[in-house]
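Colleague: Could you walk me through this one? I would like to hear the reasoning behind each label.

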Amino acid sequence: VTHYGKVKIALKGHDLKDLCIPEGPLYQKIFHELLKLRLDGMIRSRKEEISWVLKHVKKGKLIQECGS
C-alpha cells in the first residue's frame with residue numbers, strides 16, 4: 001500500500017508571490033502540478049520545484065515580469 005498523504009510540496013503561496021506570480025487561481029494549478037510531479041518522483045526538492053515554476057510558469061509567459 002502506498003501512502004500518498006506523506007508526499008507534500010515545499011513551496012507555499014508566499015514563495016510564488018516572491019517569484020512575482022500574482023495571487024489567484026494559478027496558484028492552485030501550480031501546486032497541483034507540483035504535487036503530481038512529486039508523486040511521480042520527477043521532483044524531489046524545493047530547488048527543483050522552483051526550477052519547474054520558473055521554467056513552466058514564468059517563461060511560459062503565463063505571468064508578467066516583476067514590476068511590469
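Modeller: Of the 68 residues of the chain, 26% count as buried. Bear in mind that this is a predicted model.

Colleague: Thanks! How is the chain built up from helices and strands?

Modeller: There are three helices and zero strands, and reading along the sequence gives the pattern α-α-α.

Colleague: Arg38 caught my eye. Why does Arg38 count as buried?

Modeller: Buried means under 20% relative accessible area. Arg38 has 18% relative accessibility, so it counts as buried. This residue sits in helix H2.

Colleague: What does Arg38 touch, leaving aside its neighbours within four places in sequence?

Modeller: With those neighbours left aside, Arg38 is in contact with Val7, Lys8, Ile9, Ala10, Ile43, Arg44, Ser45, Arg46 and Glu49. Its side chain also reaches the backbone oxygen of Arg44 at 3.2 Å. The cut-off for a polar contact is 3.5 Å between N or O atoms, and this pair is listed at 3.2 Å.

Colleague: And Asp15, why is that one called buried?

Modeller: The reasoning is alike: the limit is 20%, and Asp15 has 10% relative accessibility, so it counts as buried. Asp15 lies in helix H1. Not counting residues up to four places away in sequence, Asp15 touches Ala10 and Arg46. The C-alpha atoms of Asp15 and Ile50 are separated by 8.7 Å, although the two residues are 35 apart along the chain.

Colleague: Back to H2. How do you know that the span of H2 agrees with its number of residues?

Modeller: H2 has 15 residues, and at 1.5 Å a residue they should span 21 Å; the end C-alpha atoms are 22 Å apart, which agrees.

Colleague: What makes you say that the buried residues of H2 line one face?

Modeller: Those buried residues are Tyr27, Ile30, Leu34, Leu37 and Arg38. Seen down the axis of H2, they fall within an arc of 100°, so they line one face of the helix. An α-helix has 3.6 residues a turn, so residues three or four places apart point the same way.

Colleague: Which exposed residues are on the face of H2 turned away from the buried side?

Modeller: That face carries the exposed residues Pro25, Gln28 and Lys29. On the buried side, the residues of H2 pack against helix H1 and H3. Just after H2, Gly41 takes a positive phi of about 75°.

Colleague: Now the inside. What makes a set of residues a nonpolar core, and how many residues does the largest one have?

Modeller: The members must be buried residues of the nonpolar kinds, joined through side-chain atoms within 4.5 Å. The largest such core here has 13 residues, and those with the most contacts inside it are Leu16, Ile21, Ile30, Leu34, Trp52, Val53 and Val57. Helices H2 and H3 each supply at least two residues of this core. The largest share, four residues, comes from H2.

Colleague: Which residues does Leu34 contact, leaving aside its neighbours within four places in sequence?

Modeller: Leu34 is in contact with Ile9, Leu11, Ile43, Glu49, Trp52 and Val53, once those neighbours are left aside.

Colleague: Lastly, what area does the chain expose?

Modeller: The chain exposes about 5200 Å², and carbon and sulfur atoms supply 55% of it.

Terms used. Residues are numbered from 1 along each chain as its sequence is written. This is a predicted model: local features need pLDDT of at least 70, side-chain atom pairs count only at pLDDT 80 or more; totals for chains, interfaces and linings use all residues. Side-chain values use heavy atoms; hydrogens and water are left out. Buried means under 20% relative accessible area, exposed over 50%, partly exposed in between (1.4 Å probe, protein chains only). Contact means heavy atoms within 4.5 Å. A polar contact is a pair of N or O atoms within 3.5 Å; within protein, one must be able to donate a hydrogen and the other to accept it, and residues adjacent in sequence count only if both atoms are side-chain atoms. The expected span of a helix is 1.5 Å times one less than its number of residues. The arc is that of the directions from the helix axis to the C-beta atoms. Accessible areas come from the Shrake-Rupley method with a 1.4 Å probe; for residues, only the protein chains shown count as cover.
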